[in-house]
Amino acid sequence: MQGFNVAESGGGSYRPLAILRWVMVIIFISFGMQKFTLQSAQGIAQFITNSPFISWLSVFGLRGEAYFLGVAEFVIAALLVAGSFSPILSAVGSFMGVVTFAITWSFFFTTPGVVTWSLSTDPMAWNLAGEFLFKDIVLLCVCVVLFLASLPQSIVRSRTG
């Protein structure tokens, strides 16, 4: 069985995945910093309250739930940074990113009023919150790519072959 992989030590078309890692590091640091503002804490409260996955965070109060998420995003960024040297940390950090964006994407279905479905010429209309969340599907996919790239090739081949 081959060892785990890391884009920074790969070659060929594999090496540019390192760019995705560092972009995600910047994104997670940026998102994490935002969670320490009152405006952000107020903005995410509706999502947390309606989420079957993270509604338990409300035990920390408005600011506490935002702080918790901010710290989690800093941890993911740190794991991705360390992942440029350690493939296992790369896999853990990118998997945590997958979970983060999968939960965020679920807000489309759990937060009332984010998406309005209709049989009109515009079958799917979303408000600003919906538009804000829509980008997370791309970030979810980037984290999936980083996660799969971090795994040993023997595992990836057995899953896809």
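**Figure 1. Overview of the predicted model and its secondary structure.** Helices (H or I, at least four residues) and strands (E, at least two) are DSSP runs that are numbered from the N terminus, and on this basis the protein comes to seven helices and two strands. From the N terminus on, the elements follow the order α-α-α-α-β-β-α-α-α. The model is predicted, so that local features need pLDDT of at least 70 and side-chain atom pairs count only at pLDDT 80 or more, while totals for chains, interfaces and linings use all residues. Residues are numbered from 1 along each chain as its sequence is written, and side-chain values use heavy atoms, with hydrogens and water left out. The accessible surface (Shrake-Rupley method, 1.4 Å probe; for residues, only the protein chains shown count as cover) comes to about 8800 Å², of which 72% belongs to carbon and sulfur atoms. Of the 161 residues, 40% count as buried, where buried means under 20% relative accessible area, exposed over 50%, and partly exposed in between (1.4 Å probe, protein chains only). Among contacts (heavy atoms within 4.5 Å) between residues at least 6 apart in sequence, 65% join residues at least 24 apart.

**Figure 2. Close-up of a nonpolar surface patch to which α1 and α3 each give two or more residues.** The patch, of about 570 Å², is made by I29, M33, F36, Y67, V71, F74 and V75. The elements that give two or more residues to the patch are α1 (residues 17-34) and α3 (residues 61-82), with α3 providing the largest share, four residues. Patches are made of residues with over 30% relative accessible area and no salt bridge, nonpolar side chains (Val, Leu, Ile, Met, Phe, Trp, Tyr) being joined within 5 Å and like charges within 9 Å. V75, one of the patch residues, is placed in helix α3 and counts as partly exposed because its relative accessible area is 38%.

**Figure 3. Close-up of F28 and G32, two residues of helix α1.** F28 counts as buried because its relative accessibility is 0%. Leaving aside neighbours within four places in sequence, F28 is in contact with E73, F74, I76, A77, L80, G97, T100, F101 and C143. The C-alpha atoms of F28 and V75 are 8.8 Å apart in space, although the two residues are 47 residues apart in sequence. G32 likewise has 0% relative accessibility and therefore counts as buried. When residues up to four places away in sequence are not counted, G32 touches G70, E73 and F74, and a C-alpha separation of 9.4 Å is found between G32 and F68, which are 36 residues apart along the chain.

**Figure 4. Close-up of the two salt bridges that the structure holds.** A salt bridge is a side-chain nitrogen of Lys or Arg within 4 Å of a carboxyl oxygen of Asp or Glu. The side chains of E73 and K35 meet in one of them, at 3.3 Å from N to O. This pair links distant parts of the chain, 38 residues apart, with E73 in helix α3 and K35 in the loop between α1 and α2 (residues 38-50). Both E73 and K35 are buried. K135 forms a salt bridge with D136, the closest N and O atoms being 2.8 Å apart. In this pair, K135 is partly exposed because its relative accessible area is 32%, whereas D136 counts as buried because its relative accessibility is 3%.

**Figure 5. Close-up of helix α6, residues 136-150.** The helix has 15 residues and reaches 21 Å from its first C-alpha to its last, close to the 21 Å expected at 1.5 Å a residue, the expected span being 1.5 Å times one less than the number of residues. Its buried residues are D136, L139, L140, V142, C143, L146, A149 and S150.

**Figure 6. Close-up of the spans that an unreviewed UniProt entry annotates as "transmembrane region".** The record places this feature at residues 12-31, 66-86, 98-120 and 132-151; UniProt positions are given in the numbering used here, feature names are shortened, and annotations may be inferred rather than shown by experiment. In the model, residues 66-86 are 81% helix and 0% strand, with end C-alpha atoms 29 Å apart, and residues 132-151 are 90% helix and 0% strand, with end C-alpha atoms 31 Å apart.

**Figure 7. Close-up of T111, in the loop between α4 (residues 87-110) and β1 (residues 115-117).** T111 counts as buried because its relative accessibility is 4%. Residues up to four places away in sequence not being counted, T111 touches Q46, F47 and N50.
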